[in-house]
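Trainee: Could you walk me through how to read a model like this one?
Mentor: Gladly; let's put it on the screen and begin with confidence.

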Amino acid sequence: MGRYVARRLLQMIPVFIGTTLIIFLMVHILPGDPIRAMWGDKAADPAQVASLRHEFGLDQPLWKQYIDYMGNLFQGDFGKTFGGREVIDEMSESFPVTLRLTAVAMIIEIIVGIGLGAWAGLRAGKAADTGVLIFTLIVISIPVFVLGFLARFVLADQLGWVAPNVQDSTDYAQLFLPGFVLAMLSMAYVARLTRTTFAENLRADYMRTAMAKGLPRRRIIGVHLLRNSLIPVVTFLGTDVGGFIGGAVVTEGIFNVQGVGNLLFKALQQREGSTIVGVVTVFVLVILVINLLVDLLYAVLDPRIRYA
Amino acid sequence: MPDATKTQTEAVVDAIAAPSAADGHKEQGKPRSLWGDAWFDLRHRPMFWISSILLLLLLVIAAFPGLFTGADPRNGDLTNHFLTKPDLGHFFQADWFGYDGQGRSIYARVIYGTRASILVGVGVTAAVTLVGGLLGMLAGYFGGWLDSVISRITDIFFGIPFLLGAMVVLNAFTDRKVYVVILALAFLGWTSICRVMRASVITAKQADYVTAARALGAGTPRILFRHVLPNALAPTIVVATIALGGYISAEATLSFLGLGLADPTISWGIDIAEGSQAIRDNPHALLFPAGMLSLTVFAFIMLGDAVRDALDPKLR
Amino acid sequence: MTIMDKTADIPAPRAGGSNDAPLLEVRDLHVEFHTRDGVAKAVNGVNYSVDSGETLAVLGESGSGKSVTAQAIMGILDMPPGKIPQGQILYRGQDMLTMSYEERRKIRGQKIAMIFQDALSSLNPVLSVGYQLGEMFRVHQGLSKKQAKAKAIELMDRVKIPAAAQRVGDYPHQFSGGMRQRIMIAMAMALEPDLIIADEPTTALDVTVQAQVMDLLKELQTEFNMGLILITHDLGVVADVADKIAVMYAGRIVETAPVHELYKRPAHPYTRGLLDSIPRLDQKGQELYAIKGLPPNLLKIPAGCAFNPRCPKAEDICRTEIPVLVPVSEQDGSELPGRGSACHFWKETIHG
């Protein structure tokens, strides 16, 4: 196991370098000039532009910029924003917000998704099952931003049940609605996956054995069926973190949550390279680590898997 | 649930299904019967027919929007029509869905917006299937260093969250036409197809009939295209069909954020973003493009579902 | 020994029973499956009984209804699509089909236990064997986790799994096929049931291991004086173990007999066909006999005797009238105890 983890960590290095390089190139290959854009339509002072370009290292060749950036990164220096703030400070303010939002979404996704899926899977082929299937189909079909606006429009603007904007991001009650919107798409997928594995495992031989052992129904489903059915669901939850991150940009925008998504969106609009690359780099790291954790968890859940 | 039950019911089903499937498809051989069975299965699914009819209609709208409305989707009349409420009785007329914040007919915009969405969806899927499918096939079939290189590249692209990466990539372009969005989404989206294709080619490659074909002296291209590919194609098609709806949804999301298609192009995403400004008093400006978008994604996802169920009954 | 002490708690006495009712009796059992394509009649009026210490072998091809009957007894049929339109399953004289779900559940595992064919798929892959064995004690006897584990080790010892204490935490895939089947047997034996139903317990095993597993089963059966229903298609396994045999075809019993009588003088053409299709050393070089045709489609069981399309002796009556299971006697009319045949021409078959 230890060797497996070490090998996986080693494999992460080229992936990490490759991913950040792509993002870095994409951000810095921009045809426009973000420094000049700071002046808008007004004529810029060429000397000032040059000194700013120098300050942000934009006068260096691209490969040098990348190496410098990565070198600084390993010392915890994500660079500065155009406004002069440390990117790391900006991120440490907004990351906890997004973390809380994602946590709320994850909990909703797991409880509602697995619950709905299990409910449908145990009734495979019946009306309840078809109902859940159609419901998930509709949820998957409605893009997150439409869902977000609809939820905001109906629940906040029309019914007045919740505040339309998140004022205090430490208040979980306020995070519930954006969390729910963020969770919807993944929840639908979790429900479908759970339903499929439940319905499939229900026909497994060991379920018949559990029945023949005279176990109560609750135990048959809660222990024998659930343990086997959750294995693919856990894997999905892990690989789905990337989707959450994309969804967070949209959701945070709609509900005015001051999280990383918002930070990134503003940075994109201002073409502020250091923030964009910084945020995406952290996301990539998070995704890589979560994928490793999920693989390890997989081995814990399924004793047939052994990593050498 | 019990084994005996299953075998009996299955035997019964097999016995009944076999002749009818064979009738329609005289040619034997594994790929034929797989596709034949899938078609047989598809024809009996209402979901398949509903989604097909919907998609056919959407394709016609995308190709000939002028057939459905005489109104101009671009020129607004601010003085007369600013955010006019819809008149739901005026079927197919300019004011059917009302007017938007620039006095343009929402119905006309909904109709003309279909083309961009369909183009992006189909374009990205085609590009992704070609590139991802080809790379996956090469990696899976030849293995070795080629597989290592392709797999590592796949890992790298797979590490970038799709929507997030698309935002960054598209932000680099100032003139975002449909083909730019297609290329950007395809640039990030090919990995899942590549992985699926690689896995199924590896499985198909190990099948006994491939060994048999090789023993009979068949060359590599023949084995690859006659034996491996037809048997590895099904999972790829399933993933591609389901992903298509997702690409349309992604384009709308990006356009909504101002990072996708830009103004002369009519996109539901842009209209939804504009409509969202006036949502409190004039929800119609948001609801109609949003409804049309959801309906389109729904049709594609439903088709994907039906195709998956037909090609891979185990996944149902 | 602790396992033995438990006997006192079980109210019904083991051997004989408090009344004259046999341990288990199946009466006129019908089972059908409602599928999209019609009703598959899997069991069409089966009668048999087993007493304590007795072994009944149920013989038949796949699809003959032998496993479905067993599952109906266990109450593990999938309903729907399965349905029991008529019949009774009496456990010590009480009809289990009219019992509540809870009553039946308490009989399962505790009074009647089952051993399945494929131990690998029948054991839960993600739970340790110790957990799966111990579960019996935790659920039915309310033992603690720790006590249950000790019991599990004891059971594994009983079925002769080496180093039981070390292996109790292992998972099913870590055992060999024979060892896995021993674990299945241990699980069935755990609460010392009155009756064990073994559904092809050795089919998935190597020939050398088959004998060991059958011996173990036989040994434990004798020790606890249990009834045993052995479901198999293997005539070789039956000969050594069974007391009596019921041969099934298309959901009916076509012949019953004490074990050795059946081998000597079958009274049904189907049984004869089965016996003739066993390869024998003294007939080396001759072509091996095979029953022609295929097992019947349960959606459309042939009219009359279900075996008639495949029977070498079929005549017109066989195509119209369903033969009932009648007692078989010697040529002089003296009774042959325990023998019966559902063939219009049983006399010709047995004496001919």
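Mentor: pLDDT is the predictor's confidence in each residue, from 0 to 100. Helices (H or I, at least four residues) and strands (E, at least two) are DSSP runs, numbered from the N terminus. This is a predicted model, in which local features need pLDDT of at least 70 and side-chain atom pairs count only at pLDDT 80 or more, while totals for chains, interfaces and linings use all residues. Residues are numbered from 1 along each chain as its sequence is written, and chains are lettered from A and ligands numbered from 1 in the order in which they are written.

Trainee: Which elements of chain B have the lowest and the highest mean pLDDT?
Mentor: Helix α1 (residues 3-24) of chain B has the lowest, at 33, and helix α5 (residues 106-142) of chain B has the highest, at 92. Chain B as a whole averages 80, with 88% of the residues scoring at least 70. Its residues 1-31 stay under 50, and the model gives this stretch 49 contacts beyond four places in sequence. Two residues are in contact if their C-beta atoms, placed from the backbone, lie within 7 Å. Where pLDDT is low, the predicted coordinates should not be read in detail.

Trainee: And what is the average pLDDT of chain C?
Mentor: Chain C averages 83, and 94% of the residues score at least 70. Over residues 1-18 of chain C the pLDDT is below 50, and this stretch has 15 contacts beyond near neighbours in sequence. For the model overall, the scores are ipTM 0.84 and pTM 0.82.

Trainee: How many helices and strands does chain A have?
Mentor: Chain A has 13 helices and zero strands. Its C-alpha trace spans about 85 × 55 × 30 Å along the principal axes. UniProt, in an unreviewed entry, places "transmembrane region" at several spans of chain A, among them residues 101-120 and 276-301. Such annotations may be inferred rather than shown by experiment; feature names are shortened and positions follow the numbering used here. In the model, residues 101-120 of chain A are 100% helix, with end C-alpha atoms 28 Å apart. Residues 276-301 of chain A are also 100% helix, and there the end C-alpha atoms lie 37 Å apart.

Trainee: How many residues of chain B are in contact with chain A?
Mentor: 41 residues of chain B are in contact with 43 residues of chain A. α12(B) gives the most to the chain B side, with nine residues. By class, that side has 26 nonpolar, eight polar and seven charged residues. Here Ala, Val, Leu, Ile, Met, Phe, Trp, Tyr, Cys and Pro count as nonpolar, Asp, Glu, Lys and Arg as charged, and the others, Gly among them, as polar.

Trainee: And how many residues does chain A give to the contact with chain C?
Mentor: Chain A gives 18 residues and chain C gives 24. On the chain A side, α9(A) gives the most, with six residues.

Trainee: Which residues have the most contacts inside the largest nonpolar core?
Mentor: A nonpolar core is a set of buried Ala, Val, Leu, Ile, Met, Phe, Trp, Tyr and Cys residues joined through C-beta atoms within 7 Å. A residue is buried if 20 or more other C-beta atoms lie within 10 Å of its own, exposed if 12 or fewer, and partly exposed in between, with C-beta atoms placed from the backbone. The largest core has 258 residues, and those with the most contacts inside it are B:Ala166, B:Met167, B:Leu185, C:Ala186 and C:Ile197. Helix α12 (residues 284-311) of chain B gives the most to this core, with 17 residues. Beyond four places in sequence, B:Met167 is in contact with residues including A:Val249 and A:Leu268.
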